[in-house]
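Subject: Structure handover

Hi,

Here is the structure for you to look over. My notes follow below it.

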Amino acid sequence: MSESARTHTRQRDDASGATTPAVPGTASFDRLGLPDGILRVLREQGVTVPFPIQAAALPHALAGRDVLGRGRTGSGKTLAFGLGMLARTAGRRAQPKEPLTLVLVPTRELAQQVGEALTPYAEALRLRLATVVGGVSVGRQAAVLRDGAEVVVATPGRLHDLVERRSCRLGRVRIVVLDEADQMCDMGFLPQVTEILDQVRPDGQRMLFSATLDHDVDQLVRDYLRDPAVHSVDPSSGAVSAVDHHVLVVHGPDRYAVTTEIAARDGRVVLFLDTKHGVDQLTRHLRAAGVAAAALHSGKSQPQRTRTLAQFKEGQVTALVATNVAARGLHVDDLDLVVNVDPATDPKDYLHRAGRTARAGRSGTVVTLVLSGQRRETSQVLADAGVTPKVAKVRSGEAELTRITGAKAPSGNPLDGGPVAPRPKNHNAPFRGLGSTKAAQGGSAGRPSRRTTEARKLAEAQRAARVRRGG
Ligand SMILES: Nc1ncnc2c1ncn2[C@@H]1O[C@H](COP(=O)(O)OP(=O)(O)OP(=O)(O)O)[C@@H](O)[C@H]1O
Ligand SMILES: [Mg+2]
(Lines give C-alpha, C1' and ligand atoms only; values in the text may rest on other atoms or scores of the structure.)
(Ligands and ions follow the chains in the order given, each with its own letter.)
Protein backbone atom coordinates (compact mmCIF):
# COMPACT_ATOMS: atom_id res chain seq x y z
CA MET A 1 0.00 0.00 0.00
CA SER A 2 2.57 2.46 1.34
CA GLU A 3 3.95 4.59 -1.47
CA SER A 4 0.90 4.21 -3.65
CA ALA A 5 -1.37 5.31 -0.82
CA ARG A 6 0.59 8.48 -0.36
CA THR A 7 0.58 9.22 -4.05
CA HIS A 8 -3.12 8.54 -4.29
CA THR A 9 -3.78 10.81 -1.37
CA ARG A 10 -2.03 13.62 -3.17
CA GLN A 11 -3.93 12.81 -6.34
CA ARG A 12 -7.22 13.10 -4.52
CA ASP A 13 -6.19 16.53 -3.29
CA ASP A 14 -5.17 17.53 -6.78
CA ALA A 15 -8.03 15.94 -8.63
CA SER A 16 -10.95 16.92 -6.42
CA GLY A 17 -10.33 20.64 -6.61
CA ALA A 18 -12.77 20.79 -3.72
CA THR A 19 -10.37 20.63 -0.82
CA THR A 20 -11.09 23.31 1.69
CA PRO A 21 -8.25 25.26 3.21
CA ALA A 22 -7.95 25.45 6.98
CA VAL A 23 -10.41 28.02 8.30
CA PRO A 24 -8.96 30.69 10.57
CA GLY A 25 -9.76 30.09 14.22
CA THR A 26 -12.23 32.97 14.28
CA ALA A 27 -15.15 30.91 13.00
CA SER A 28 -17.86 30.41 15.58
CA PHE A 29 -20.27 27.59 16.33
CA ASP A 30 -23.07 30.18 16.67
CA ARG A 31 -22.88 31.05 13.01
CA LEU A 32 -23.19 27.47 11.79
CA GLY A 33 -26.92 27.27 12.43
CA LEU A 34 -26.71 24.57 15.09
CA PRO A 35 -29.71 24.03 17.41
CA ASP A 36 -29.67 25.89 20.75
CA GLY A 37 -29.38 22.64 22.71
CA ILE A 38 -26.09 21.81 20.96
CA LEU A 39 -24.74 25.33 21.48
CA ARG A 40 -25.53 25.11 25.19
CA VAL A 41 -23.69 21.77 25.58
CA LEU A 42 -20.72 23.08 23.58
CA ARG A 43 -20.45 25.96 26.05
CA GLU A 44 -20.80 23.59 29.02
CA GLN A 45 -18.04 21.39 27.59
CA GLY A 46 -15.77 24.39 27.07
CA VAL A 47 -15.72 23.84 23.30
CA THR A 48 -15.79 27.42 22.07
CA VAL A 49 -14.07 27.66 18.68
CA PRO A 50 -14.68 25.10 15.93
CA PHE A 51 -11.61 23.22 14.81
CA PRO A 52 -10.88 23.56 11.07
CA ILE A 53 -12.44 20.24 10.01
CA GLN A 54 -15.57 21.20 11.98
CA ALA A 55 -15.80 24.68 10.49
CA ALA A 56 -15.28 23.22 7.03
CA ALA A 57 -17.47 20.12 7.12
CA LEU A 58 -20.37 21.14 9.38
CA PRO A 59 -22.07 23.52 6.91
CA HIS A 60 -22.24 20.74 4.31
CA ALA A 61 -23.18 18.10 6.87
CA LEU A 62 -25.99 20.35 8.15
CA ALA A 63 -27.19 20.96 4.59
CA GLY A 64 -27.58 17.20 4.08
CA ARG A 65 -24.71 16.86 1.59
CA ASP A 66 -22.64 13.71 1.44
CA VAL A 67 -19.23 14.45 2.95
CA LEU A 68 -15.72 13.04 2.62
CA GLY A 69 -13.79 14.50 5.54
CA ARG A 70 -10.11 14.16 6.25
CA GLY A 71 -8.42 15.85 9.17
CA ARG A 72 -5.37 14.68 11.04
CA THR A 73 -5.66 12.51 14.16
CA GLY A 74 -7.05 14.40 17.13
CA SER A 75 -8.44 17.22 15.00
CA GLY A 76 -12.05 16.89 16.16
CA LYS A 77 -13.67 14.76 13.47
CA THR A 78 -16.13 13.21 15.94
CA LEU A 79 -17.96 16.50 16.46
CA ALA A 80 -17.50 17.38 12.77
CA PHE A 81 -19.82 14.53 11.76
CA GLY A 82 -21.59 14.12 15.11
CA LEU A 83 -23.09 17.58 15.50
CA GLY A 84 -24.31 17.63 11.91
CA MET A 85 -26.03 14.28 12.08
CA LEU A 86 -27.59 14.98 15.50
CA ALA A 87 -28.88 18.38 14.39
CA ARG A 88 -30.45 16.81 11.30
CA THR A 89 -32.06 14.05 13.38
CA ALA A 90 -33.49 16.39 16.06
CA GLY A 91 -37.26 16.43 16.28
CA ARG A 92 -37.69 12.97 14.73
CA ARG A 93 -38.83 9.92 16.64
CA ALA A 94 -37.64 6.40 15.89
CA GLN A 95 -40.07 3.50 15.77
CA PRO A 96 -39.09 0.42 17.79
CA LYS A 97 -36.12 -1.37 16.16
CA GLU A 98 -35.88 1.30 13.45
CA PRO A 99 -33.04 3.75 14.02
CA LEU A 100 -32.78 6.89 11.89
CA THR A 101 -29.06 7.61 12.07
CA LEU A 102 -26.12 5.25 12.09
CA VAL A 103 -22.42 5.64 12.90
CA LEU A 104 -20.19 2.68 12.01
CA VAL A 105 -16.73 2.39 13.56
CA PRO A 106 -14.12 -0.40 13.44
CA THR A 107 -13.60 -1.17 17.15
CA ARG A 108 -15.73 -1.62 20.23
CA GLU A 109 -13.70 0.88 22.25
CA LEU A 110 -14.13 3.51 19.58
CA ALA A 111 -17.89 2.86 19.45
CA GLN A 112 -18.08 3.38 23.22
CA GLN A 113 -16.00 6.54 22.98
CA VAL A 114 -18.00 8.06 20.11
CA GLY A 115 -21.24 7.14 21.90
CA GLU A 116 -20.03 8.82 25.10
CA ALA A 117 -18.75 11.90 23.26
CA LEU A 118 -22.07 12.45 21.49
CA THR A 119 -24.42 11.54 24.36
CA PRO A 120 -24.62 15.00 25.98
CA TYR A 121 -25.51 16.59 22.63
CA ALA A 122 -28.03 13.82 21.86
CA GLU A 123 -29.65 14.26 25.29
CA ALA A 124 -29.90 18.01 24.78
CA LEU A 125 -31.89 17.29 21.63
CA ARG A 126 -33.94 14.53 23.34
CA LEU A 127 -32.48 11.94 21.00
CA ARG A 128 -31.98 8.40 22.24
CA LEU A 129 -28.50 7.10 21.42
CA ALA A 130 -27.64 3.40 21.61
CA THR A 131 -24.19 1.84 21.35
CA VAL A 132 -24.12 -1.59 19.78
CA VAL A 133 -20.89 -3.63 19.98
CA GLY A 134 -19.80 -7.25 20.12
CA GLY A 135 -18.54 -9.07 23.18
CA VAL A 136 -21.40 -8.02 25.48
CA SER A 137 -25.01 -9.14 25.89
CA VAL A 138 -26.86 -8.99 22.59
CA GLY A 139 -30.18 -9.32 24.40
CA ARG A 140 -29.74 -6.06 26.25
CA GLN A 141 -28.84 -4.24 23.04
CA ALA A 142 -31.89 -5.75 21.32
CA ALA A 143 -34.05 -4.47 24.20
CA VAL A 144 -32.66 -0.94 23.84
CA LEU A 145 -33.38 -0.99 20.12
CA ARG A 146 -36.88 -2.34 20.79
CA ASP A 147 -37.53 0.67 23.04
CA GLY A 148 -36.44 2.88 20.17
CA ALA A 149 -33.19 4.71 19.49
CA GLU A 150 -32.89 7.50 16.96
CA VAL A 151 -29.09 7.21 16.80
CA VAL A 152 -27.08 3.98 16.81
CA VAL A 153 -23.28 3.85 17.09
CA ALA A 154 -22.14 0.37 16.10
CA THR A 155 -19.42 -1.99 15.06
CA PRO A 156 -20.52 -3.63 11.81
CA GLY A 157 -20.41 -7.24 13.07
CA ARG A 158 -22.79 -6.75 15.96
CA LEU A 159 -25.17 -4.60 13.94
CA HIS A 160 -25.22 -7.34 11.32
CA ASP A 161 -26.10 -9.89 14.03
CA LEU A 162 -28.93 -7.70 15.34
CA VAL A 163 -30.34 -7.30 11.84
CA GLU A 164 -30.12 -11.08 11.29
CA ARG A 165 -31.99 -11.63 14.56
CA ARG A 166 -34.63 -9.16 13.38
CA SER A 167 -33.89 -6.98 16.38
CA CYS A 168 -33.04 -4.07 14.12
CA ARG A 169 -34.31 -2.85 10.74
CA LEU A 170 -32.32 -0.34 8.74
CA GLY A 171 -34.90 0.76 6.17
CA ARG A 172 -35.53 4.10 7.89
CA VAL A 173 -31.89 5.06 8.39
CA ARG A 174 -31.41 8.40 6.57
CA ILE A 175 -27.89 9.32 7.76
CA VAL A 176 -24.92 6.95 7.80
CA VAL A 177 -21.43 7.92 8.99
CA LEU A 178 -18.38 5.73 8.50
CA ASP A 179 -15.72 6.84 10.97
CA GLU A 180 -12.22 5.53 10.14
CA ALA A 181 -13.74 4.99 6.70
CA ASP A 182 -10.57 3.68 5.05
CA GLN A 183 -10.26 0.95 7.64
CA MET A 184 -13.93 0.13 7.20
CA CYS A 185 -13.06 -0.61 3.57
CA ASP A 186 -10.57 -3.30 4.59
CA MET A 187 -11.52 -6.78 3.51
CA GLY A 188 -12.47 -7.69 7.06
CA PHE A 189 -15.19 -5.04 7.26
CA LEU A 190 -16.27 -4.23 3.72
CA PRO A 191 -18.78 -7.08 3.13
CA GLN A 192 -20.73 -6.21 6.26
CA VAL A 193 -20.47 -2.47 5.64
CA THR A 194 -21.84 -2.74 2.11
CA GLU A 195 -24.56 -5.10 3.28
CA ILE A 196 -25.61 -2.45 5.80
CA LEU A 197 -25.42 0.37 3.23
CA ASP A 198 -27.60 -1.69 0.88
CA GLN A 199 -30.35 -1.76 3.50
CA VAL A 200 -30.54 1.92 4.48
CA ARG A 201 -32.63 4.52 2.63
CA PRO A 202 -31.05 4.99 -0.79
CA ASP A 203 -31.77 8.73 -0.75
CA GLY A 204 -30.06 9.26 2.62
CA GLN A 205 -26.94 11.20 3.59
CA ARG A 206 -23.54 9.45 3.84
CA MET A 207 -20.41 10.81 5.47
CA LEU A 208 -16.95 9.22 5.44
CA PHE A 209 -14.27 10.47 7.83
CA SER A 210 -10.69 9.48 8.60
CA ALA A 211 -7.24 10.95 9.18
CA THR A 212 -6.09 8.85 6.23
CA LEU A 213 -8.90 9.06 3.74
CA ASP A 214 -7.17 7.68 0.68
CA HIS A 215 -8.11 5.71 -2.38
CA ASP A 216 -8.98 2.69 -0.25
CA VAL A 217 -12.45 4.26 -0.04
CA ASP A 218 -12.89 4.82 -3.78
CA GLN A 219 -15.16 1.87 -4.45
CA LEU A 220 -17.47 2.84 -1.61
CA VAL A 221 -17.50 6.48 -2.73
CA ARG A 222 -18.39 5.47 -6.29
CA ASP A 223 -21.13 3.09 -5.24
CA TYR A 224 -22.75 4.93 -2.35
CA LEU A 225 -22.00 8.68 -2.30
CA ARG A 226 -23.56 11.40 -4.43
CA ASP A 227 -21.49 14.44 -5.29
CA PRO A 228 -19.72 14.49 -1.93
CA ALA A 229 -18.26 17.66 -0.45
CA VAL A 230 -14.57 16.86 0.02
CA HIS A 231 -12.81 18.44 2.97
CA SER A 232 -9.14 17.90 3.61
CA VAL A 233 -8.18 20.58 6.05
CA ASP A 234 -4.91 19.28 7.47
CA PRO A 235 -2.17 17.22 5.92
CA SER A 236 -2.63 13.55 6.78
CA SER A 237 1.12 13.20 6.95
CA GLY A 238 2.90 13.20 10.26
CA ALA A 239 4.81 16.37 9.46
CA VAL A 240 3.05 18.30 12.17
CA SER A 241 5.17 20.44 14.43
CA ALA A 242 3.44 19.42 17.66
CA VAL A 243 4.79 15.86 17.36
CA ASP A 244 8.39 14.78 17.93
CA HIS A 245 9.14 11.58 16.05
CA HIS A 246 12.14 9.51 17.16
CA VAL A 247 13.64 6.28 15.91
CA LEU A 248 15.75 4.70 18.65
CA VAL A 249 18.18 2.04 17.54
CA VAL A 250 18.61 -0.58 20.28
CA HIS A 251 20.58 -3.79 20.75
CA GLY A 252 18.46 -6.93 20.65
CA PRO A 253 19.28 -8.10 24.19
CA ASP A 254 18.70 -4.56 25.52
CA ARG A 255 15.30 -4.07 23.87
CA TYR A 256 13.20 -5.26 26.79
CA ALA A 257 15.28 -3.25 29.26
CA VAL A 258 14.88 -0.08 27.19
CA THR A 259 11.14 -0.73 26.88
CA THR A 260 10.79 -1.34 30.60
CA GLU A 261 12.55 1.86 31.55
CA ILE A 262 10.37 3.85 29.16
CA ALA A 263 7.24 2.20 30.54
CA ALA A 264 8.36 3.03 34.09
CA ARG A 265 8.31 6.78 33.32
CA ASP A 266 6.13 9.14 35.29
CA GLY A 267 3.00 9.66 33.25
CA ARG A 268 1.07 7.70 30.68
CA VAL A 269 2.43 5.78 27.72
CA VAL A 270 0.93 3.52 25.05
CA LEU A 271 3.19 0.74 23.79
CA PHE A 272 2.24 -0.88 20.47
CA LEU A 273 3.22 -4.41 19.49
CA ASP A 274 2.17 -6.50 16.51
CA THR A 275 0.79 -9.60 18.19
CA LYS A 276 -1.45 -10.50 21.10
CA HIS A 277 1.25 -12.87 22.34
CA GLY A 278 3.86 -10.12 22.26
CA VAL A 279 1.50 -7.80 24.14
CA ASP A 280 0.79 -10.38 26.85
CA GLN A 281 4.46 -11.27 27.23
CA LEU A 282 5.58 -7.66 27.60
CA THR A 283 2.72 -6.85 29.99
CA ARG A 284 3.72 -9.75 32.25
CA HIS A 285 7.32 -8.61 32.17
CA LEU A 286 6.45 -5.01 32.98
CA ARG A 287 4.20 -5.95 35.88
CA ALA A 288 6.92 -8.22 37.27
CA ALA A 289 9.24 -5.21 37.17
CA GLY A 290 6.73 -3.09 39.08
CA VAL A 291 5.21 -1.12 36.19
CA ALA A 292 1.42 -0.66 36.29
CA ALA A 293 0.92 -2.09 32.81
CA ALA A 294 -2.15 -3.69 31.27
CA ALA A 295 -2.82 -5.43 27.97
CA LEU A 296 -5.39 -4.48 25.36
CA HIS A 297 -6.01 -6.75 22.40
CA SER A 298 -8.79 -8.63 20.68
CA GLY A 299 -8.09 -11.83 22.61
CA LYS A 300 -9.27 -10.26 25.89
CA SER A 301 -12.88 -10.41 26.98
CA GLN A 302 -14.84 -7.22 26.38
CA PRO A 303 -15.32 -6.53 30.12
CA GLN A 304 -11.52 -6.85 30.52
CA ARG A 305 -10.92 -4.51 27.57
CA THR A 306 -13.35 -1.94 28.94
CA ARG A 307 -11.85 -2.14 32.43
CA THR A 308 -8.30 -1.81 31.13
CA LEU A 309 -9.07 1.31 29.11
CA ALA A 310 -10.98 2.86 32.03
CA GLN A 311 -8.04 2.18 34.37
CA PHE A 312 -5.68 3.74 31.87
CA LYS A 313 -7.84 6.85 31.61
CA GLU A 314 -8.12 7.06 35.42
CA GLY A 315 -4.40 6.51 35.99
CA GLN A 316 -4.33 3.17 37.86
CA VAL A 317 -2.73 1.77 34.73
CA THR A 318 0.07 3.96 33.39
CA ALA A 319 1.42 1.78 30.57
CA LEU A 320 -1.14 0.51 28.07
CA VAL A 321 0.35 -2.33 26.03
CA ALA A 322 -1.71 -2.86 22.89
CA THR A 323 -2.04 -4.23 19.40
CA ASN A 324 -3.40 -2.09 16.57
CA VAL A 325 -6.84 -2.52 18.11
CA ALA A 326 -5.96 0.67 20.03
CA ALA A 327 -4.46 2.46 17.02
CA ARG A 328 -7.58 4.10 15.61
CA GLY A 329 -9.62 6.91 17.07
CA LEU A 330 -9.05 6.39 20.80
CA HIS A 331 -8.61 9.55 22.82
CA VAL A 332 -6.95 9.64 26.25
CA ASP A 333 -6.26 13.00 27.86
CA ASP A 334 -2.66 13.87 28.78
CA LEU A 335 -1.10 11.08 26.78
CA ASP A 336 2.19 12.53 25.61
CA LEU A 337 4.15 9.42 24.57
CA VAL A 338 3.50 6.61 22.11
CA VAL A 339 6.07 3.84 21.69
CA ASN A 340 6.23 1.41 18.79
CA VAL A 341 7.95 -1.52 20.49
CA ASP A 342 7.36 -3.37 17.24
CA PRO A 343 7.84 -0.85 14.42
CA ALA A 344 4.71 -0.19 12.35
CA THR A 345 5.01 -1.90 8.98
CA ASP A 346 2.38 0.25 7.27
CA PRO A 347 2.51 4.07 7.04
CA LYS A 348 -1.17 4.46 7.85
CA ASP A 349 -0.78 2.27 10.93
CA TYR A 350 2.14 4.49 11.92
CA LEU A 351 0.08 7.66 11.60
CA HIS A 352 -2.86 6.29 13.56
CA ARG A 353 -0.69 4.81 16.32
CA ALA A 354 1.23 8.09 16.53
CA GLY A 355 -2.05 9.98 16.56
CA ARG A 356 -2.93 8.73 20.04
CA THR A 357 -0.72 11.58 21.25
CA ALA A 358 -0.54 15.27 20.29
CA ARG A 359 -4.32 15.59 20.03
CA ALA A 360 -6.51 18.68 20.02
CA GLY A 361 -3.53 21.01 19.61
CA ARG A 362 -1.38 19.37 22.32
CA SER A 363 2.20 18.23 21.78
CA GLY A 364 3.56 14.71 22.07
CA THR A 365 6.41 12.32 21.33
CA VAL A 366 6.39 9.16 19.24
CA VAL A 367 9.23 6.69 19.65
CA THR A 368 9.92 3.68 17.44
CA LEU A 369 12.39 1.09 18.71
CA VAL A 370 14.35 -0.66 15.98
CA LEU A 371 17.11 -3.20 15.86
CA SER A 372 19.84 -2.23 13.43
CA GLY A 373 18.56 -4.80 10.90
CA GLN A 374 15.13 -3.11 10.85
CA ARG A 375 16.39 0.42 10.22
CA ARG A 376 16.01 0.56 6.47
CA GLU A 377 12.48 -0.85 6.37
CA THR A 378 11.32 1.39 9.20
CA SER A 379 12.82 4.49 7.57
CA GLN A 380 10.83 3.71 4.45
CA VAL A 381 7.59 3.29 6.39
CA LEU A 382 8.11 6.62 8.16
CA ALA A 383 9.07 8.33 4.91
CA ASP A 384 5.87 7.00 3.32
CA ALA A 385 3.98 8.40 6.29
CA GLY A 386 5.56 11.81 5.61
CA VAL A 387 7.57 11.70 8.84
CA THR A 388 11.20 12.71 9.25
CA PRO A 389 12.29 11.29 12.60
CA LYS A 390 15.33 12.03 14.70
CA VAL A 391 17.45 8.88 14.84
CA ALA A 392 19.67 7.94 17.80
CA LYS A 393 21.37 4.84 19.16
CA VAL A 394 20.41 4.28 22.78
CA ARG A 395 21.10 1.83 25.58
CA SER A 396 19.12 1.24 28.73
CA GLY A 397 20.13 3.53 31.56
CA GLU A 398 21.38 6.28 29.28
CA ALA A 399 20.55 9.92 29.92
CA GLU A 400 19.56 10.40 26.27
CA LEU A 401 16.83 7.77 26.62
CA THR A 402 15.53 9.58 29.70
CA ARG A 403 15.65 12.94 27.95
CA ILE A 404 13.54 11.74 25.05
CA THR A 405 11.06 9.50 26.88
CA GLY A 406 11.29 10.21 30.61
CA ALA A 407 12.64 6.65 31.06
CA LYS A 408 13.65 5.63 34.56
CA ALA A 409 14.46 2.51 36.54
CA PRO A 410 11.34 0.53 37.47
CA SER A 411 10.70 -0.15 41.17
CA GLY A 412 11.41 -3.85 40.69
CA ASN A 413 8.59 -4.67 43.11
CA PRO A 414 6.42 -7.11 41.19
CA LEU A 415 2.71 -6.43 40.92
CA ASP A 416 0.44 -9.50 41.14
CA GLY A 417 2.98 -11.22 43.44
CA GLY A 418 4.82 -12.45 40.35
CA PRO A 419 8.48 -13.38 40.12
CA VAL A 420 10.90 -10.73 41.31
CA ALA A 421 12.56 -8.97 38.42
CA PRO A 422 16.35 -8.67 38.54
CA ARG A 423 17.55 -5.36 39.90
CA PRO A 424 20.67 -3.40 39.13
CA LYS A 425 23.65 -4.49 41.19
CA ASN A 426 24.96 -1.12 42.27
CA HIS A 427 22.20 1.24 43.31
CA ASN A 428 24.45 4.26 42.88
CA ALA A 429 25.29 3.32 39.33
CA PRO A 430 22.93 4.26 36.50
CA PHE A 431 20.27 1.65 35.87
CA ARG A 432 21.51 -0.79 33.25
CA GLY A 433 18.28 -2.54 32.42
CA LEU A 434 16.67 -5.86 32.95
CA GLY A 435 18.42 -7.86 30.31
CA SER A 436 16.76 -10.11 27.79
CA THR A 437 13.21 -11.40 27.94
CA LYS A 438 14.13 -14.84 29.14
CA ALA A 439 16.46 -13.62 31.81
CA ALA A 440 13.88 -11.17 33.05
CA GLN A 441 11.27 -13.87 33.24
CA GLY A 442 13.55 -16.18 35.12
CA GLY A 443 13.70 -18.51 32.12
CA SER A 444 16.37 -21.18 31.91
CA ALA A 445 18.48 -19.10 29.53
CA GLY A 446 18.81 -16.28 32.03
CA ARG A 447 21.27 -16.02 34.87
CA PRO A 448 19.57 -16.21 38.28
CA SER A 449 18.92 -12.77 39.69
CA ARG A 450 20.82 -11.47 42.66
CA ARG A 451 17.70 -11.77 44.77
CA THR A 452 17.05 -15.37 43.79
CA THR A 453 20.67 -16.25 44.50
CA GLU A 454 20.50 -14.54 47.88
CA ALA A 455 17.22 -16.23 48.72
CA ARG A 456 18.70 -19.61 47.86
CA LYS A 457 21.81 -18.92 49.99
CA LEU A 458 19.59 -17.84 52.88
CA ALA A 459 17.46 -20.97 52.59
CA GLU A 460 20.60 -23.12 52.50
CA ALA A 461 22.02 -21.36 55.57
CA GLN A 462 18.73 -21.86 57.45
CA ARG A 463 18.64 -25.53 56.47
CA ALA A 464 22.24 -25.95 57.64
CA ALA A 465 21.38 -24.24 60.94
CA ARG A 466 18.37 -26.57 61.40
CA VAL A 467 20.60 -29.59 60.74
CA ARG A 468 23.15 -28.29 63.30
CA ARG A 469 20.33 -27.84 65.86
CA GLY A 470 19.19 -31.36 65.05
CA GLY A 471 15.79 -30.05 63.69
N1 LIG B 1 -13.62 22.70 18.78
C2 LIG B 1 -12.96 22.06 19.74
N3 LIG B 1 -12.36 22.74 20.74
C4 LIG B 1 -11.68 22.09 21.71
N5 LIG B 1 -11.55 20.75 21.80
C6 LIG B 1 -12.14 20.01 20.84
C7 LIG B 1 -12.88 20.61 19.77
N8 LIG B 1 -13.33 19.63 18.98
C9 LIG B 1 -12.91 18.46 19.51
N10 LIG B 1 -12.20 18.68 20.62
C11 LIG B 1 -11.52 17.65 21.44
O12 LIG B 1 -10.44 17.15 20.68
C13 LIG B 1 -10.18 15.79 21.03
C14 LIG B 1 -9.98 14.96 19.78
O15 LIG B 1 -11.16 14.91 19.05
P16 LIG B 1 -11.58 13.62 18.19
O17 LIG B 1 -11.48 12.38 19.00
O18 LIG B 1 -12.89 13.92 17.56
O19 LIG B 1 -10.42 13.60 17.08
P20 LIG B 1 -10.37 12.82 15.70
O21 LIG B 1 -10.13 13.81 14.63
O22 LIG B 1 -11.57 11.96 15.56
O23 LIG B 1 -9.05 11.93 15.86
P24 LIG B 1 -8.73 10.43 15.29
O25 LIG B 1 -8.34 10.59 13.85
O26 LIG B 1 -7.60 9.95 16.13
O27 LIG B 1 -9.97 9.64 15.45
C28 LIG B 1 -11.37 15.35 21.89
O29 LIG B 1 -10.97 15.32 23.25
C30 LIG B 1 -12.39 16.43 21.68
O31 LIG B 1 -13.22 16.61 22.81
MG1 LIG C 1 -11.94 9.97 15.47
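Start with a helix pair: α4 and α5 are oblique to each other, and therefore neither parallel nor perpendicular by the angle classes used. Keep in mind that this is a predicted model. The axes of α4 and α5 (residues 108-124) cross at roughly 40 degrees and come within 10 Å. The crossing of α4 past α5 is right-handed. On the α4 side, the contact uses T78, G82, L83 and L86. On the α5 side, V114, A117, L118, Y121 and A122 take part. By class, that contact has 7 nonpolar and 2 polar residues, with no charged ones.

**The ligand**

α4 also matters for ligand 1. Helix α4 (residues 77-89) gives the largest share of the shell around ligand 1, with 3 residues. In total, 19 residues surround ligand 1. The closest are T73, G76, K77, T78 and A360. T78 thus turns up twice: it is among the closest to ligand 1, and it is part of the α4 contact with α5. Split by class, the shell has 10 polar, 7 nonpolar and 2 charged residues.

**The sheet under α4**

Which strands does α4 lie across? They are β1 (67-70), β2 (101-104), β4 (151-154), β5 and β6. Its direction is at about 170 degrees to that of β5.

These strands belong to an open sheet of 7 strands. The order is β3-β4-β2-β5-β6-β1-β7, and the pairing is parallel. β3 (129-132) and β7 (229-232) are the edge strands, each pairing on one side only. From one strand to the next, the twist averages 15 degrees.

Inside this sheet, β5 (residues 175-179) and β6 (residues 205-210) run parallel and are joined by 5 bridges. V177 has M207 of β6 as its bridge partner.

**The other sheet**

A further open sheet also has 7 strands, again with parallel pairing. Read across, the order is β10-β11-β9-β12-β13-β8-β14. β10 (293-296) and β14 (390-393) are at the edges with a single partner strand each, so one side of each has no neighbour in the sheet. On average, neighbouring strands here are turned by 20 degrees against each other, direction ignored.

At one edge, β10 pairs with β11 (residues 319-322) in the parallel sense, over 4 bridges. There, A295 stands opposite V321 in β11.

Two helices to look at on this sheet:

- α11 (residues 255-263) lies across β9 (269-272), β10, β11, β12 (337-340) and β13 (364-370). It runs at about 155 degrees to β9.
- α14 (residues 347-354) packs on the sheet and touches β8 (243-249), β9, β12 and β13. Its direction makes about 150 degrees with that of β12.

Both α11 and α14 therefore count as roughly antiparallel to the strand named, the cut-off being over 145 degrees.

**One more helix pair**

Helix α7 (residues 156-164) packs against helix α9 (residues 190-199) at an angle of about 50 degrees. Their axes are 9 Å apart. At that angle, α7 is oblique to α9. The crossing of α7 and α9 is left-handed, while that of α4 and α5 is right-handed.

Who makes the contact? From α7 it is P156, G157, L159 and H160. From α9 it is Q192, V193, E195 and I196. That contact comprises 4 nonpolar, 3 polar and 1 charged residues.

Best regards

Methods: Residues numbered from 1 in each chain as written. Chains lettered and ligands numbered in written order. Predicted model: local features only at pLDDT ≥ 70, side-chain atom pairs only at ≥ 80, totals over all residues. Pairing = 2+ DSSP bridges. Axes fitted to C-alpha atoms, helices over the stretch in contact; angles between N-to-C directions. Contact = placed C-beta atoms within 7 Å. Parallel < 35°, antiparallel > 145°, perpendicular 65-115°, else oblique. Left-handed = near helix turned anticlockwise from the far one by under 90°. Nonpolar A, V, L, I, M, F, W, Y, C, P; charged D, E, K, R; others polar. Near = placed C-beta within 6 Å.
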